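The following exercises are to be worked with the sequence and the model at hand. Each task is followed by a solution in steps.

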Amino acid sequence: MGPPSTAALLLPPLILALAGAACSTFTVGAWPQVAVVPFGGSVAINCSRSACPGGNATLGLDTPLPVALGAGGRRWQSFWLLNVSQWNPSTATCYGHCGDTQVNASAGVLVYRLPEQVVLEPVPALAVGESRNLTCHVLEVAPVGNLTVTLRRGAETLRTASFGAVNGSASVAVTHVLSAGPGDHGQDVTCHAELSLRPHGPLFARAAIPIRLSVFALPEPPQLQAPSRLELGTTSTATCQLTGAFPVDDVRFTLTLAGQSLNFTTMVAGDVLTSVTTLSPTTVGPLELTCTATVATAARTTQRQLHVYRFPAPVLELSPASAPAGSEVLVRCHVSAAEPPALWLQLRDADSGVLAEGPHSQLELPLVANREDNGRRFGCRASLDINDTTVTKDVDTQLSVLYTPELAASDCPGNRTWLRGTWEALSCHATGNPVPTVVCGRDGITVSTRVPELVTRSRAGTYLCNATNSLGTQSRLVTVHVEYEPTLTERGCPMHRIWVEGEWRELSCRADGDPPPNTRCARDGGTMGRSGVHRVVHRADAGRYICRATNKHGTAVRSVVVTVEYEPSMAEPGCPAQRLWVEGTPAELVCAATGNPQPHVTCAKLGDGHHPAAMSANVTRAHAGTYQCQATNSHGSALRNITIAVEYSPAIVTLRVLPSATVSRGTSFSVECRAEGLPPPTYGWVLPPAPNLRFGAGNRSVAVAGAAAANRGLYTCTASNRHGWQASSVLVRVDESRLVLAVSLGSVGAVTAVGLAAAGGYYLKSTACKKGEYNVRDAEGSLEAACLHRQRRGQTEVYGIQLTQP
């Protein structure tokens, strides 16, 4: 440690001087309180004082250690402790004199030594589960009580050790027992030593060179898989598999065959290592195959014996290989020498039957070739015994027997049934050797026997198939029948039918299909019935029908509309036989007829042949009579007589006074009224009121007995029915000497008004009687009156009053 700076030496005296000045007391100070020095080194202690009142002050240092005077000032002095070689020296004392007063201040001395070396003992490779001490040595350090040693594995602290006080320097060791696991592999073990002189000095730290742990596992020997025997000149594969070894990247394999190293490849899957090599021995006999697995300091080996043998393949010959039917063929089997020589031969046929055998190197068998032998297979088996096992080799060959073509019914059926829309080929297989060529055709056109084609109806027919090889030709006829689903066309099943009522008809629908379809038709929404049933046609048969044709390949549906035509007819509802017309209304003679097609109807009056509309646009009385209407269509006509009655309102009202319109007093007279109308009109009267009136049947006349002055006046007769009314008036005079001229008025409105004004003795009723019949009482004559009819004149309603007998 070097000497302190000047500023550091001046600071304690300054503080002490200030303190002494503040309290006016003489004081002495020592700095530092503990001087830290390496063993054999030097350190400075600074002694300082406060002001001395007398000015006679001294400073000094008392210590057993060698001292050298250092820098100083008016109130301070530094002293060097030189070559401190005591581990626990006593304290150094600063003393000061001020007159007769001595003041002391002590400073401790701490001596230390840094570790010469921090060392970790080496650790060999450890098997998983093996325990080992980790030891760290710290050499020559002091003071040991201030030392801390820490052992770590990676970032994990394994142990931290501290020590008690020891005089002088010492070496220490820290140990930790490690149980090796797979996770320890590759971990660094470190040792850190810290010497702490705080708070008086620094913290010193040193570390050992780290060591890296190597952990391994080789729990079981490798598994060697290889054949037990191998033929010379062939190759095979051997595998060496190791499970549970750790670390897999450090595992090393060695594979040898008969002491010769083998090349191999290694694959890793988890903790399983597999090495694969190819075996291709060059010598015959037993050979040793070994596999050794090594990791760290461990190694395991597995061995297996491989027997290498020589075994040539047998040879099988047919002489000749192709023979005409009926000729002789020699079958010969032979094999070259084998090692070991324990050989057995068998001559066999296709069904594994043994034809000949024995411990020979050659076997022969003669036979006569038949057509059935064509394609017959012969085999030769050679067997070799090796180490209680038998190795066999087989060879086979096929005999070819030449013969002319054959077309069997099973291979070329003479009748075929196809379905339209599928894909079919006219396949025809022929037997024969050499293999025959089969050609099929129709009408000089060749068709394919291999490639399927779309089946249409045109493909139906008879084909000629010829099978030909170099020995001859055979022929066969093939008939193709094409079936297809039903169809309903306009030709066989028209969509629109026209029938005539009363004829015998059937709802027939002829469907095309194969097999022939079953066809049924029914009214739309009804139950299906059999097609082709004859029946009498009724107009109710008209409508829509659904026809279905079905066979095993499908169903065709067609809608058929039936129209039923029939001759005309005219019935009462549409053409009433009795008609009632009213004169003046439009003359329309309507007669509705039924029929299909729609009938044409004409009507004419019997006798003159005129239609009512031709006579007059409006009804006249001339329209009355009998008419004949005729309805006609393409299937006939119908006649119907119609009687027309024409009703009309009353007309030509005629009044006649008997004996005359001028009568003498006391005589009798009558007034008669006549009118035309249909229905026959009813009559009413407007006349002077008198007690001597008598009305005839139907009110057609009125009689007066013993004429008096009250009987003179205007007599008005009104004829009415439901279609209208008409009136006429006559003036009757009653005179003792002469007749009065009677005046007949044609217009009931004007004449009635004049007559009423002159007579003054009859009544008018307006607006009180709208319709119906009312009884009224005359104030003067106490006569009963009835409202018979009304007429409109301008805006005034006028009603005639019929007088009746009291």
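**Exercise 1.** Does C94 count as buried or exposed, and at what relative accessibility?

*Solution.* The model is predicted, so local features need pLDDT of at least 70 and side-chain atom pairs count only at pLDDT 80 or more, while totals for chains, interfaces and linings use all residues. Residues are numbered from 1 along each chain as its sequence is written, and side-chain values use heavy atoms, with hydrogens and water left out.

Step 1. Buried means under 20% relative accessible area, exposed over 50%, and partly exposed in between (1.4 Å probe, protein chains only).
Step 2. C94 has 0% relative accessibility and therefore counts as buried.

**Exercise 2.** Identify the disulfide that joins C94 to another cysteine, and give its handedness.

*Solution.* Step 1. A disulfide is taken as a pair of cysteine sulfur atoms within 2.5 Å; this rule gives a count of 12 disulfides.
Step 2. C94 is joined to C47, with an S to S distance of 1.7 Å.
Step 3. The torsion about their S-S bond is about -65°, so the disulfide is left-handed.
Step 4. C47 lies in strand 3 (residues 43-49) and C94 in strand 7 (residues 92-98), 47 residues apart. Strands (E, at least two residues) are DSSP runs, numbered from the N terminus.
Step 5. C47 is buried as well, at 0% relative accessibility.

**Exercise 3.** Describe the open sheet that contains strand 21, and locate C240 with respect to it.

*Solution.* Step 1. Strands pair if DSSP finds at least two bridges between them. The open sheet has four strands in the order 19-21-25-24, with antiparallel pairing.
Step 2. Strand 19 (223-225) and strand 24 (264-269) each have a single partner strand, so one side of each lacks a neighbour in the sheet.
Step 3. Three bridges join strand 19 to strand 21 (residues 236-243), and L224 stands opposite C240 in strand 21.
Step 4. C240 also forms a disulfide with C291 (S to S 1.8 Å), which is left-handed, with -85° about the S-S bond.
Step 5. C291 lies in strand 26 (residues 285-295), so the pair ties together parts that are 51 residues apart in sequence.
Step 6. C240 is buried, with a relative accessible area of 0%, and C291 counts as buried at 0% relative accessibility.

**Exercise 4.** Where do C493 and C509 lie in the chain?

*Solution.* Step 1. The two cysteines C493 and C509 form a disulfide, their sulfur atoms 1.7 Å apart.
Step 2. C493 is in the loop between strand 44 (472-487) and strand 45 (496-500), and C509 is in the loop between strand 46 (504-505) and strand 47 (512-514).
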